[in-house]
Amino acid sequence: MENSKKRKIGLPVILLIAGIVLVTLGTLIIKFTDTDKYFEKENINERFSAENIEYLNIDIITARFYLESYDGDEITIEAQNIPKDRYSFSCSNNKFSVKYNNARWYEWYKILGFGWFEKDYNDTVIKIRVPDKEYANLDMDGGIGEYTISGLKCINADIDSGIGKSRFTECIISGKINIDMGLGELSFENCSLNRSDIDGGIGQLDFSGKILGSLNADCGIGESSFDIDGYYSDYEIKSDTGIGEIRIDRGSDGTNGSSSKIPIDIDGGLGEVNIKFK
């Protein structure tokens, strides 16, 4: 009789199965038991002088978040249903910061919601207004939710849009902007960018407005569109088509009269890319 060989289950498989069981069990407990007492909420209304503020540092875990410029001289915060004692809003030297502090392990079940159960960010709303002036830098780390940035002027910006929907309207970045799209939808509406580096991630990427300096875009997985307020003849376009198609609408004849062309480098990735000029 031949000796039969038994298959051994490797450690990685065991760890994967155990992880799935723990995540499922934790999510069920959060959903079907009274755990709200561990997730107290609060409302915050604060004001800070913005006289010396040059840097904006935003770290959001989960929320519907709004940041807009206005005709005033203070930074105002209106926050509703935010996790108690978790968010801090502060001004130190020349920096305004929003930070999520000390997330405990069990909070991540509630924060993430794992998609199929709930989206707590719908209840958490943070609205911040900043004086209408040019700031040195915006550093934004988005978590899970919806983010709208309106009328902001910055020299430089670093954006990690996280998971969800991110929308920038009538923003001006005069220096360099680095964008890590993450997962979801990212849109720029009537914006003006100078030097731009975009990592498209997974999802829908839309841009409309002015491209005044070099653009390097890795469109990742999904559809991307660029509606550029400029003439085709003023740009030098280099494109690398991945699994998909890059379409260019040259628009009308014209030029801004510059002696040098603005470089645009597009990596199509996986999906359709549409570029349109005026």
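Patches are made of residues with over 30% relative accessible area and no salt bridge, with nonpolar side chains (Val, Leu, Ile, Met, Phe, Trp, Tyr) joined within 5 Å and like charges within 9 Å; a salt bridge is a side-chain nitrogen of Lys or Arg within 4 Å of a carboxyl oxygen of Asp or Glu. The model described here is predicted, so that local features need pLDDT of at least 70 and side-chain atom pairs count only at pLDDT 80 or more, while totals for chains, interfaces and linings use all residues. Residues are numbered from 1 along each chain as its sequence is written, and side-chain values use heavy atoms, with hydrogens and water left out.

**Surface**

Ile163, Leu183, Ile202, Ile221, Ile243 and Leu270 make a nonpolar surface patch of about 530 Å², an area obtained by the Shrake-Rupley method with a 1.4 Å probe. Leu270 lies in strand E20 (residues 270-277), strands being DSSP runs of at least two residues, numbered from the N terminus. Leu270 counts as partly exposed because its relative accessibility is 40%, where buried means under 20%, exposed over 50% and partly exposed in between.

Glu170 is found in the loop between strand E11 (163-169) and strand E12 (172-180), and its relative accessibility of 52% is why it counts as exposed. Leaving aside residues up to four places away in sequence, Glu170 touches Gly151, Leu152, Glu189, Asn190 and Cys191, a contact being heavy atoms within 4.5 Å. The C-alpha atoms of Glu170 and Gly151 are separated by 4.9 Å, although the two residues stand 19 apart along the chain.

**Core**

The largest nonpolar core (buried Ala, Val, Leu, Ile, Met, Phe, Trp, Tyr and Cys residues joined through side-chain atoms within 4.5 Å) has 59 residues, and Phe89, Ile128 and Phe226 have the most contacts inside it. Strand E13 (residues 183-199) gives the largest share of this core, five residues. Beyond four places in sequence, the residues that Ile128 touches include Phe65, Leu67, Phe89, Phe96 and Val98.

**Aromatic pairs**

The structure holds eight aromatic pairs, defined by ring centres within 6.5 Å, with planes under 30 degrees apart stacked, over 60 edge-to-face and the rest tilted. Two of the pairs are set out below.

| Pair | Centre distance | Plane angle | Class |
|---|---|---|---|
| Phe48 and Phe96 | 6.1 Å | 55° | tilted |
| Phe168 and Phe188 | 4.8 Å | 10° | stacked |

Phe48 in strand E1 (residues 41-49) and Phe96 in strand E6 (residues 95-100) are 48 residues apart; Phe48 is buried at 17% relative accessibility, and Phe96 is buried at 1%. Phe168 in strand E11 and Phe188 in strand E13 are 20 residues apart, with Phe168 buried at 5% and Phe188 buried at 3%. Ring pairs also link Tyr87, Phe89 and Tyr100 into a cluster.

Definitions and conventions:
Buried < 20%, exposed > 50% of the residue type's maximum accessible area, 1.4 Å probe, protein only. Helix = DSSP H or I, 4+ residues; strand = E, 2+ residues; numbered from the N terminus. Phe/Tyr/Trp six-rings, centres within 6.5 Å; stacked < 30°, edge-to-face > 60°.
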